[in-house]
Amino acid sequence: MQYIDSIQESLDYIEMNLKAEIKVEELANAAGYSLFHYYRIFQNLVGMPVMQYITRRKLLYSAFEISKGSKVIDTALSYGFDTNAGFYKAFMREFGKSPLDYIKHHTIKQPYKIKLIQEEHIMITQNKIREMLFHWNLQNEKLSDFYYIGTGNRADNVWNVGEKYIIKIGTNVKGLENHIKISKALSELGFDTSIPVESCDGKEYILDGELYYYIANKLSGKPIKSIDIYGEEHNYIARYIGEIVGQLDLVLARFDNDIVCNETNILNDMLNWAIPKVKQVSNLSDSFYDDYLNNFSVLYPHLPKQIIHRDINPSNIIMQDGKVSGFIDFELTEKNIRIFDPCYTATAILSETFTNEKIDKKKWLAIFESIVTGYDSVVKLSKQEKEAIPYVIFSIQFICIAYFSGFEKYKELTKINRDMLNWFIENKEKLIV
């Protein structure tokens, strides 16, 4: 912990002094290490050289301030860039776009403070990625940040490799292997899925230390945008999405005996983890928790369980020519109650649009009902499943709040999901299908 604590102090100092000149020698002295040793442990813990990290943080904060109306030249000078040209070059080198173009095409949020002990995203240099790309003979392809179409947010562990590929980096090797197995099976059934591009020596992914490196072809379709579901044909589109999610779960049920994955008891997770954390950041009444636990405890043993996607949000549903063509990201696949998938799909749609003042939330209730109706037409929900739907939705919100509240970077998402939970409680009767 000594190294982590020392480097965390450096990160905190950097964060508070981005508009001042920061000398690495002073950071090393403050940490009590030689300059060489400091460079090494900083890169090992943070994932990139200290000067690259400082420049990146300056650029991220600059982008945020410019998005709020600050002039480019004034912002550049305030963060220590001598000229507008120097700022432009640094920005292009880091993000592959000019500052104004970057702001125009992406969602810009205030950078969150890095906390090494709790960070789960991967900070890694492009040089390291290029080193790994040699395994696929793709080292000369252009690397660029990957952005989720539905939200405009930049991915922490996915990058574009040229025009045809993406590279994903992570630690959950078992989850990746499940993803590959399911994706291949779905591909054989005609779905468009993210199957691996084999390395030069025939491997589906490469391990380097505790990290895996995985290359896949870009899909020909595009992820669903939540905002598009609210159009004039929202009931038809939502029912169609529900039907497709139902068809996916029917396929996934075939893997119950073939895939080793986490088997979740969601009720126990609520009791032992989620609800205690939610109580720390919300002011819900004891009567609400009592009602939830009394009813869900009775219903839960009767809810069918199987392999589910678990993260079936709009960004993971691929559309082409007006039809769902495939699904991606099966790394969180687990054995859970099957009604979780359609409920999660519906709540994810609301989560991505909840703060949009142009969206009538009452329309979401119709979207939600249509998704469940479409799902039911395929898998035939039981009486207990239909009765459990409000409590499953509450459970999803508990999970989101409990998880997001542990990270500074997810402060905004914590609030959104807390507000959503309150809204769901107010509309509980309308969640019964």
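**Figure 1. Contacts across the whole chain.** Of the contacts in the chain between residues at least 6 apart in sequence, 72% join residues at least 24 apart; contact means heavy atoms within 4.5 Å. This is a predicted model, in which local features need pLDDT of at least 70 and side-chain atom pairs count only at pLDDT 80 or more, while totals for chains, interfaces and linings use all residues. Residues are numbered from 1 along each chain as its sequence is written, and side-chain values use heavy atoms, with hydrogens and water left out. The secondary structure comes to 16 helices and 10 strands. Helices (H or I, at least four residues) and strands (E, at least two) are DSSP runs, numbered from the N terminus.

**Figure 2. Dimensions, surface and charges of the chain.** The C-alpha trace spans about 65 × 55 × 45 Å along its principal axes. The radius of gyration of the chain is 23 Å, which agrees with the value near 22 Å of a compact globule with 433 residues. This radius is taken over C-alpha atoms, and the globule rule is 2.2 Å times the number of residues to the power 0.38. Of the 433 residues, 52% count as buried. Buried means under 20% relative accessible area, exposed over 50%, and partly exposed in between (1.4 Å probe, protein chains only). About 21000 Å² of the chain is exposed, and carbon and sulfur atoms supply 48% of this area. Accessible areas come from the Shrake-Rupley method with a 1.4 Å probe; for residues, only the protein chains shown count as cover. The mean positions of the 50 positive and 57 negative charges are 3 Å apart. Lys and Arg count as positive and Asp and Glu as negative, with His and the chain ends not counted; the place of a charge is NZ of Lys, CZ of Arg, CG of Asp or CD of Glu.

**Figure 3. His-234 in helix H10.** Helix H10 covers residues 234-252 and includes His-234. With a relative accessible area of 13%, His-234 is buried. A polar atom of its side chain lies 2.9 Å from the backbone oxygen of Gly-231. Not counting residues up to four places away in sequence, His-234 touches Ile-229, Lys-363, Ala-366 and Ile-367.

**Figure 4. Asn-313 in the loop between strands S7 and S8.** Strand S7 (305-308) and S8 have between them the loop that holds Asn-313. Asn-313 is buried, at a relative accessible area of 13%. Its side chain reaches the backbone nitrogen of Ser-315 at 2.9 Å. Tyr-344 and Ala-348 are in contact with Asn-313, leaving aside neighbours within four places in sequence.

**Figure 5. Two loop residues with positive phi, Asp-321 and Lys-380.** Asp-321 is not a glycine, yet has a positive phi of about 55 degrees. The loop that holds Asp-321 runs between strand S8 (317-320) and strand S9 (323-327). Asp-321 is exposed, with a relative accessible area of 74%. Lys-380, also not a glycine, has a positive phi of about 60 degrees. Lys-380 lies in the loop between helix H14 (361-379) and helix H15 (383-404), and is exposed, with a relative accessible area of 58%.

**Figure 6. Phe-191 in the loop between helix H9 and strand S4.** Helix H9 (173-188) and strand S4 (206-208) have between them the loop in which Phe-191 is found. The relative accessible area of Phe-191 is 17%, and the residue is buried. Phe-191 touches Leu-186, Ser-325, Gly-326 and Phe-327, not counting residues up to four places away in sequence. From C-alpha to C-alpha, Phe-191 and His-37 are 50 Å apart in space, with their positions 154 residues apart in sequence.

Methods:
A polar contact is a pair of N or O atoms within 3.5 Å; within protein, one must be able to donate a hydrogen and the other to accept it, and residues adjacent in sequence count only if both atoms are side-chain atoms.
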